[in-house]
Amino acid sequence: PAPVYPLMSRRLGESGTVLMRVLVGANGRPQEIQVQKSSGYARLDESARAAVRKWSFVPSQRGDEKLAGWVNFPIVFNLKNAE
């Protein structure tokens with residue numbers, strides 16, 4: 001699921017990009033979640049972190065062995081695209 005755009009952030013016109021750094025376990029679940037670069041708004045950063053906690057990933061593989069590994073990606077909060 002996409003991150004929830006906090007209602008207060010919408011009202012205040014807050015937008016930005018949260019750069020996430022996530023350790024994906026061999027089981028595909030997030031093992032550690034870090035905000036590598038903040039959006040500048042704690043509400044948006046926390047919404048991104050909460051969404052990532054619920055996600056599943058495809059883990060790295062070496063042959064048939066699944067491995068834990070770090071992945072970096074942005075989560076964009078844009079008022080024009082907000083639902």
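In this predicted model, strands E1 and E2 run antiparallel to each other and are joined over 6 bridges. The two strands make a hairpin with 5 residues between them, and in that hairpin Gly-28 takes a positive phi near 90°. E1 covers residues 16-24, while E2 spans 30-37. As a general point, the strands of a sheet pair through backbone hydrogen bonds, either parallel or antiparallel. Here the hairpin is part of an open sheet of 3 strands in the order E2-E1-E5, with antiparallel pairing. That puts E2 and E5 at the edges, each pairing on one side only. Neighbouring strands of the sheet are turned by 25° against each other on average, with direction ignored.

Stepping back to the whole chain, there are 2 helices and 5 strands. Read from the N terminus, the elements come in the order α-β-β-α-β-β-β. The C-alpha atoms fill a box of roughly 50 × 20 × 15 Å along the principal axes. Of the 83 residues, 34% count as buried. Contacts that reach a long way along the chain are well represented: among those between residues at least 6 apart in sequence, 67% join residues at least 24 apart.

Helix H2 lies across E1, E2 and E5, and runs at about 35° to E1. Helix and sheet also meet in the largest nonpolar core, where E1, H2 and E5 are the elements that give two or more residues. This core has 14 residues, and the members that touch the most others are Met-20, Val-52, Phe-73 and Ile-75.

Phe-73 deserves a look of its own. This residue lies in E5 (residues 69-77) and is buried, as is Phe-57. Leaving out neighbours within four places in sequence, the contacts of Phe-73 are Val-18, Leu-19, Met-20, Val-22, Val-52, Trp-55 and Phe-57. Two of these partners return in an aromatic cluster, which is formed by Trp-55, Phe-57 and Phe-73.

What about the ring pairs themselves? A pair of aromatic rings is described by the distance of the centres and the angle of the planes. The model has 4 aromatic pairs in total. In the pair of Phe-57 and Phe-73, the ring centres are 6.1 Å apart and the planes stand at 45°, so this pair counts as tilted. Phe-57 sits in the loop between H2 (42-54) and strand E3 (60-62), whereas Phe-73 belongs to E5, so the pair ties together parts that are 16 residues apart in sequence.

Back on the sheet, Arg-21 is found in E1 and stands opposite Gln-34 in E2. With a relative accessible area of 27%, Arg-21 is partly exposed. Its charged end sits over the ring of Trp-70, 3.9 Å from the ring centre. Trp-70 is also among the contacts of Arg-21 beyond four places in sequence, together with Glu-32, Ile-33, Gln-34, Gln-36, Val-71 and Asn-72. For one of these partners, Gln-36, the C-alpha atoms are 5.8 Å apart in space, although Arg-21 and Gln-36 are separated by 15 residues in sequence.

Two serines on the helices round off the picture. Ser-47 lies in H2 and is buried, with a relative accessible area of 10%. Not counting residues up to four places away in sequence, Ser-47 touches Pro-3, Val-4, Pro-6 and Phe-77. Ser-9 is in the other setting, helix H1 (residues 7-12), and is buried with a relative accessible area of 0%. Beyond four places in sequence, Ser-9 touches Glu-14, Arg-43 and Leu-44.

Note on methods. Residues are numbered from 1 along each chain as its sequence is written. This is a predicted model: local features need pLDDT of at least 70, side-chain atom pairs count only at pLDDT 80 or more; totals for chains, interfaces and linings use all residues. Side-chain values use heavy atoms; hydrogens and water are left out. Rings of Phe, Tyr and Trp (its six-membered ring) pair if their centres lie within 6.5 Å; planes under 30 degrees apart count as stacked, over 60 as edge-to-face and the rest as tilted. Helices (H or I, at least four residues) and strands (E, at least two) are DSSP runs, numbered from the N terminus. Buried means under 20% relative accessible area, exposed over 50%, partly exposed in between (1.4 Å probe, protein chains only). A charge sits over a ring if NZ of Lys or CZ of Arg is within 6 Å of the ring centre and within 35 degrees of the ring normal. A nonpolar core is a set of buried Ala, Val, Leu, Ile, Met, Phe, Trp, Tyr and Cys residues joined through side-chain atoms within 4.5 Å. Contact means heavy atoms within 4.5 Å. Two strands pair if DSSP finds at least two bridges between them. Axes are lines fitted to C-alpha atoms, for helices over the stretch in contact, and angles run from 0 to 180 degrees between N-to-C directions.
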